[in-house]
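Morning, everyone. Please pull up the model on your screens. I'll take you through it in a few short stops.

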Amino acid sequence: QTVVYRKDYKAPNHDVETINLVFDLIPDRTIVTSTMHVVPREGRESDEFELNGESLQLVSIKINGQPSLTNQYAMNAGKLIFHSIKEPTDIEIVTRINPKANLELSGLYLSNNNFITQCEAEGFRRITYFPNRPDVLAKYTVTLHAPKECKVLLSNGNLVDQGVLPDGRKYAIWHDPFPKPSYLFALVAGNFTVNEDKIELNNDKTALLQIYTEPGNENKTVHAMDCLKKAIRWDEVRYGLTLDLERFMIVATNDFNMGAMENKGLNIFNAKYVLADDGVATDSDYAAIESVIGHEYFHNWTGDRVTCRDWFQLSLKEGLTVFREQEFASDMLGSESAKVVKRIKDVRALRTAQFPEDSGPMAHPIRPDSYSEINNFYTMTVYEKGAEVVRMYQTMFGKEGFKKGLAEYLRRYDGSAATCDDFRTAMAEANDADLSQFALWYSQAGTPRVSVKTQWDESKKTFTITTRQSNRTLPGQPKPQPLMIPLAVGVLNDKGEDIPLQLEGEPLPVGTTRVLLLNQDVQTWTLVNVDRRPLLSLGRGFSAPVICDMDLTRDQLVFLAKNDSDLFNRAEAFEKLSILAIDAFIQELRKTQNANSLSPMEAYLATFEEILNDERLSPAYRAEILKLPSEQAIYESQIIIEPALIRAACQAMQKKIGQRLKTSFEDKVKTCTTEGIYKYDPDLAGKRALKFLSLSYLVASGNPKGVQQTRNFFEKGNNITDKLGALSIAVHSGLPIRQEMLNKSSIAWATEPLLINKWLEVQALATSVHGEMPVVNKIRSLMMDPLFSIKNPNNVYSLLRTFFAKGGPEFHTLDGSGYQLWIETVLNIDSFNPQVSARLARTLENWRRYEPRLSSMMYKALRYVSQQKNLSADLREIVDKAIN
Ligand code: B3K
Ligand code: ZN
């Protein structure tokens, strides 16, 4: 397998100043005529002009209008190389491609007979021969010729002309004034309807906003349009960044490998991040749409105007844009407590998905040093840890300092391709700071650990905080160096109040939350005038992507969970308590296999109840904090993962809590039931979340009224949040009514792809019921259902990826049937869509952490796949890394 190394980067020999593309769009034989104006670069290494191509049929080549001679170029291993381009030259290349046969969904493909493109990272080479690398930026003019049934013909930039060709076909010509890398090229042609609107920009220009969807969905784009307008406004207000286009288009499709794509002026979205109404989108979907619309829009500056020099710099645009998206979503939430809920959710996602990645076989720094398939590196590390690294600049320099740094970065690199170092340097210089040590965040993989010890000296009234950072040594990596870590802390007195923080040598206290800037292995800070017993609140707001270790007793955790003024850290303390409580159940179950006699400790239950009934805390916050840690989060807390035991412990805990706090839960179900027509609003969403949280505890405890209410919400709910919330509880708890509910929904939801995915996902999380078909078999039969298509990534993610990643003991069965299904589906999908098979395959990569009986079968499954010939480069990289 070929591996690409960051250290091998070489600048291209040539620039492509302009490219003129003409597409004759026919589903199984599209002709692409590309004319490039190629200009040699000063100081180039050679005169060779290198283009990439994949799955292309070459029709003809002309150089400066003349048919080319075969000795002018060579073709090998996916490359077309012109031997000697010494002068500015026009090269015309005609290729033929087959969009209909393109099931990889990379390049030009069909979705429901509409033409769609996806070019990041390396899809453009499947359209035409081109230097398909992000540091070659060209100005594009695109002409589309299409059958007359094609109602809509789109590409990037501005519409120059459109009409009917002499043969009756249609045409449209688009010109994008901004130079862009080929991965940002897009084309859409087919039958769509459009919802359009206008926005006045802060430069007094007006931009046209359009959202294209398949017919029948025109009423489901109101929320997305609203989000787009908010995102445009937010970027103006917060960062002074204005939309630079006359029109901004979004197209929704049901066949898409990932979430969405930021093609300049023509974003293409997975329909699930665009379409919303009370019948198809849950509260979480509404929130996710806002984030993804924001994310892709923000790429217009961070990604499109300034792009990446090479794919190792991916986090330069992704980490930064995720951070911007998170700040946007947070600013859209009115209250502090709603913002905290968002932060808790983001951090939970980081811990349950990125931390394991960072300690497993795919561990890589946010700026990787090598890859064999770049599509495998659109990871939680590059995106989410990358965003945390960007956030640390803001933590260190404040919002204004960050804004200055961002402006400086954009000023320096506008219209070009930059590196992570360029960004860091711009930040440092704009803020007059030395960030050389901070560079380590880009080169060191693994989650750093910060162990903290504190000591209070009653007589001297000092409180000493000692931090020790340690970073895991990774095979083949240099010994890790201490990082620069901004650690936000507060100190509570024995009444639970924040005390003013005054460091030794300071004349006065400075606030009650402060950022300690760690930069050595071991460091000590001494606070003075601490006259009552203090307790440290560590890593407030998750100020750095590290694991903080501090030996806290149960009582101290209870104290923090009840009193910490930092709502994020209250949730942290409560989560630690929950893990302790579940751990006790796990220990006990390991011994007795009987959970009936178990009961969580009183202090835990009392804290739980107090928070549940604390009306000063928003329902959304209470729902988030009182949710039992996910099984994936519990896996992270265990030395050896035993899925069955962990599931049993969680169920037993839920049952006990449900029994003990019955009255409070019943009260919440009642008071949090939202009346009237459905409206998405974070506060109402919070109420619904608390209602379903309460209901899930009640149902877990076998409460008949809870079961009845579950049925009612499903039958009578006037929105999908209620219906799906109820269905999930029924299926996950194996209630007898679940089958009837599933049948009803399969009939009611059959014509709506978004709902089919939800229907599949719910069943991937089912709990099997004694005497009935095991869930693995149920999954197999769902794969035969006409509602499921293995060719559709959303279907595969909803059913199979959910099952492999979150099925717990239903997937990790001792008879190996889950792993057998994994092998079959991974190999099957790999034969037509490697990006999806590779993503699916990653669900077994942390096999080493599971109990021996399971881990040996997991290893065998991975090895079996790795022994197959003809694996895609994508899948090969994942399975080989996993077993070696
Ligand atoms: N930049 C795209 C991701 C492309 C993934 C290619 N395998 C979406 C985003 O991050 O905005
Ligand atoms: Zn992105």
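Where is the place of L105? L105 sits in the loop between strand 9, residues 89-97, and strand 10, residues 107-111. Keep in mind that this is a predicted model. Now look at the backbone there. L105 is not a glycine, yet its phi is positive, about 60°. Most residues other than glycine have a negative phi, and most peptide bonds are trans.

That brings me to a second backbone detail. E120 and A121 are joined by a cis peptide bond. Omega there is about 0°. A121 belongs to the loop between strand 11 (114-118) and strand 12 (137-146).

Stay with E120, please. E120 is among the closest residues to ligand 1. The others named as closest are M258, M261, N375 and Y378. How many residues surround ligand 1? The count is 13. Two elements give two or more residues to this shell: strand 20, residues 260-261, and helix 2, residues 283-298. By class, the shell holds 5 nonpolar, 4 polar and 4 charged residues.

Next, the domains. The chain is divided into domain 1, residues 1-190, and domain 2, residues 307-443. Their centres, taken over C-alpha atoms, are separated by 31 Å. Where they touch, 14 residues of domain 1 are in contact with 14 residues of domain 2. What supplies the domain 1 side? Strand 1 (4-5) and strand 15 (170-181) each provide at least two residues of it. That side of domain 1 has 9 nonpolar, 2 polar and 3 charged residues.

Now the UniProt record. It lists two features I want to show you, both from an unreviewed entry. One is "domain: Peptidase M1 membrane alanine aminopeptidase", placed at residues 224-438. Over that span the chain is 55% helix and 9% strand. The end C-alpha atoms of residues 224-438 are 37 Å apart. The other is "domain: Peptidase M1 alanyl aminopeptidase Ig-like fold", listed at residues 446-550. What is the helix and strand content of residues 446-550? The span is 0% helix and 43% strand. Its end C-alpha atoms lie 20 Å apart.

Last stop: a pair of helices. Find helix 9, residues 567-592, and helix 13, residues 643-660. Their axes come within 9 Å and cross at roughly 120°. Is the crossing of helix 9 and helix 13 left-handed or right-handed? It is right-handed. From helix 9, the contact uses A581, I582, F585, I586, L589 and R590. From helix 13 come L645, I646, A648, A649, C650, A652 and M653. By class, this contact has 12 nonpolar, no polar and 1 charged residues.

That's my tour. Over to you.

Methods:
Residues are numbered from 1 along each chain as its sequence is written. Chains are lettered from A and ligands numbered from 1 in the order in which they are written. This is a predicted model: local features need pLDDT of at least 70, side-chain atom pairs count only at pLDDT 80 or more; totals for chains, interfaces and linings use all residues. UniProt positions are given in the numbering used here, feature names are shortened, and annotations may be inferred rather than shown by experiment. Helices (H or I, at least four residues) and strands (E, at least two) are DSSP runs, numbered from the N terminus. Axes are lines fitted to C-alpha atoms, for helices over the stretch in contact, and angles run from 0 to 180 degrees between N-to-C directions. A crossing is left-handed if the near helix is turned anticlockwise from the far one by less than a right angle, and right-handed if clockwise. Two residues are in contact if their C-beta atoms, placed from the backbone, lie within 7 Å. Ala, Val, Leu, Ile, Met, Phe, Trp, Tyr, Cys and Pro count as nonpolar, Asp, Glu, Lys and Arg as charged, and the others, Gly among them, as polar. Domain bounds come from an automatic or database domain assignment. A residue is near a molecule or strand if its C-beta atom, placed from the backbone, lies within 6 Å of it.
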